[in-house]
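Trainee: I would like to go through this model and ask how each label is justified.
Mentor: Go ahead, and I will set each value against its cut-off.

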Amino acid sequence: MGKDGVMLNVGQCLCGRIRYAAGEFSARMAHCHCSMCRKFHGAAFATFGSARQDEFRWLAGGEEVKSYRAENGTRRLFCPHCGSSLAFISPAHEGTRIEVALGTLDTDIAQRPDAHIFVGAKANWVTLCDGLPRYSGERGSEPVD
């Protein structure tokens with residue numbers, strides 16, 4: 001449990017040197033298919049959970065976390081030892097929200113992804129068949145069938 005009784009989500013990088021805890025994730029949780037997320041994760045898409053930054057803390061190795069600032073201003077955080085993608089911070093939410101790579105979680109979460117975003121950039125070898133809404137860009141952009 002975190003401050004004010006908030007249940008914490010706990011996770012770590014592949015090598016375990018960097019560990020973190022986060023408060024409750026936002027209910028809006030999408031699979032992102034943009035080229036930056038695909039390259040950051042080395043996967044077909046990335047799924048992040050958004051948590052309040054004041055409810056996030058590094059439990060171990062926080063001083064070792066490396067940051068890459070992408071062209072769009074997002075800061076992408078990763079482990080310098082094993083290369084695990086850990087989180088990103090949008091310039092629009094600097095100081096308020098952190099997006100945690102859900103694949104690094106060690107705890108179960110109640111929330112489920114509810115959309116696919118930036119499918120206009122999705123890998124051509126991926127077939128989406130989970131029935132979730134799809135958007136060409138961010139939520140609110142053109143829906144894709």
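Mentor: One definition before we begin: two strands count as paired if DSSP finds at least two bridges between them. Keep in mind that this is a predicted model.

Trainee: What makes β6 and β7 a pair, and which residue takes a positive phi in their hairpin?
Mentor: β6 and β7 are joined by 4 bridges in the antiparallel sense, and the cut-off is at least two. Serine 67 stands opposite leucine 77 in β7. The hairpin has 5 residues between the strands, and glycine 73 there has a positive phi near 90°.

Trainee: Where is asparagine 72, and is it buried or exposed, or in between?
Mentor: Asparagine 72 sits in the loop between β6 (66–69) and β7 (75–78). Its relative accessibility is 41%; buried needs under 20% and exposed over 50%, so asparagine 72 counts as partly exposed.

Trainee: Which residues does asparagine 72 touch, leaving out those up to four places away in sequence?
Mentor: Asparagine 72 touches Met36 and Pro91. The cut-off for contact is heavy atoms within 4.5 Å. As for phenylalanine 118, 46 residues apart from asparagine 72 along the chain, the two C-alpha atoms are separated by 15 Å.

Trainee: How do you know that β7 pairs with strand β8?
Mentor: By the bridge count again: β7 and β8 (residues 85–89) have 4 bridges and pair in the antiparallel sense. Phenylalanine 78 stands opposite serine 85 in β8. In this hairpin, with 6 residues between the strands, glycine 83 takes a positive phi near 85°.

Trainee: Why is strand β4 called largely enclosed?
Mentor: Of the 7 residues in β4 (residues 46–52), 6 are buried, so the strand is largely enclosed by the rest of the structure.

Trainee: Which strands pair with β4?
Mentor: Strand β3 (residues 30–32) pairs with β4 in the antiparallel sense over 2 bridges, which meets the cut-off of at least two. Histidine 31 is opposite threonine 47 in β4. Strand β9 (residues 97–101) also runs antiparallel to β4, joined to it by 5 bridges, with arginine 52 opposite arginine 97 in β9.

Trainee: How many disulfides are there, and why is cysteine 13 not in a bond with cysteine 15?
Mentor: The count is 0 disulfides. The rule asks for a pair of cysteine sulfur atoms within 2.5 Å. The closest cysteine sulfur to that of cysteine 13 is in cysteine 15, 3.6 Å away, and therefore too far for a bond. Cysteine 82 is in no disulfide either, with the nearest cysteine sulfur, that of cysteine 79, 3.7 Å away.

Trainee: Why is cysteine 13 called buried, and what is cysteine 82 called?
Mentor: Cysteine 13 has 4% relative accessibility, so it counts as buried, the limit being under 20%. Cysteine 82, at 28%, counts as partly exposed.

Trainee: How do you know that there is space in the largest pocket?
Mentor: Rolling a probe the size of a water molecule over the atoms shows where empty space is left. In the largest pocket that space is about 700 Å³. The pocket is lined by 22 residues, and the closest to its centre are Phe88, Glu99, Ile117, Phe118 and Glu138. The elements giving two or more residues to the lining are β3, α1 (35–41), β4 and β9.

Trainee: What kinds of residue make up the lining of the largest pocket?
Mentor: The lining divides into 10 nonpolar, 6 polar and 6 charged residues.

How values were computed: Residues are numbered from 1 along each chain as its sequence is written. This is a predicted model: local features need pLDDT of at least 70, side-chain atom pairs count only at pLDDT 80 or more; totals for chains, interfaces and linings use all residues. Side-chain values use heavy atoms; hydrogens and water are left out. Buried means under 20% relative accessible area, exposed over 50%, partly exposed in between (1.4 Å probe, protein chains only). On a 1 Å grid over the protein atoms alone, a cavity is a set of points where a 1.4 Å probe fits but cannot get out, and a pocket is an open set with protein on both sides within 12 Å along at least five of seven lines; lining residues have an atom within 4 Å of a point. Grid points are joined across faces, edges and corners, and a volume is the space filled by probe spheres set on the points. Ala, Val, Leu, Ile, Met, Phe, Trp, Tyr, Cys and Pro count as nonpolar, Asp, Glu, Lys and Arg as charged, and the others, Gly among them, as polar.
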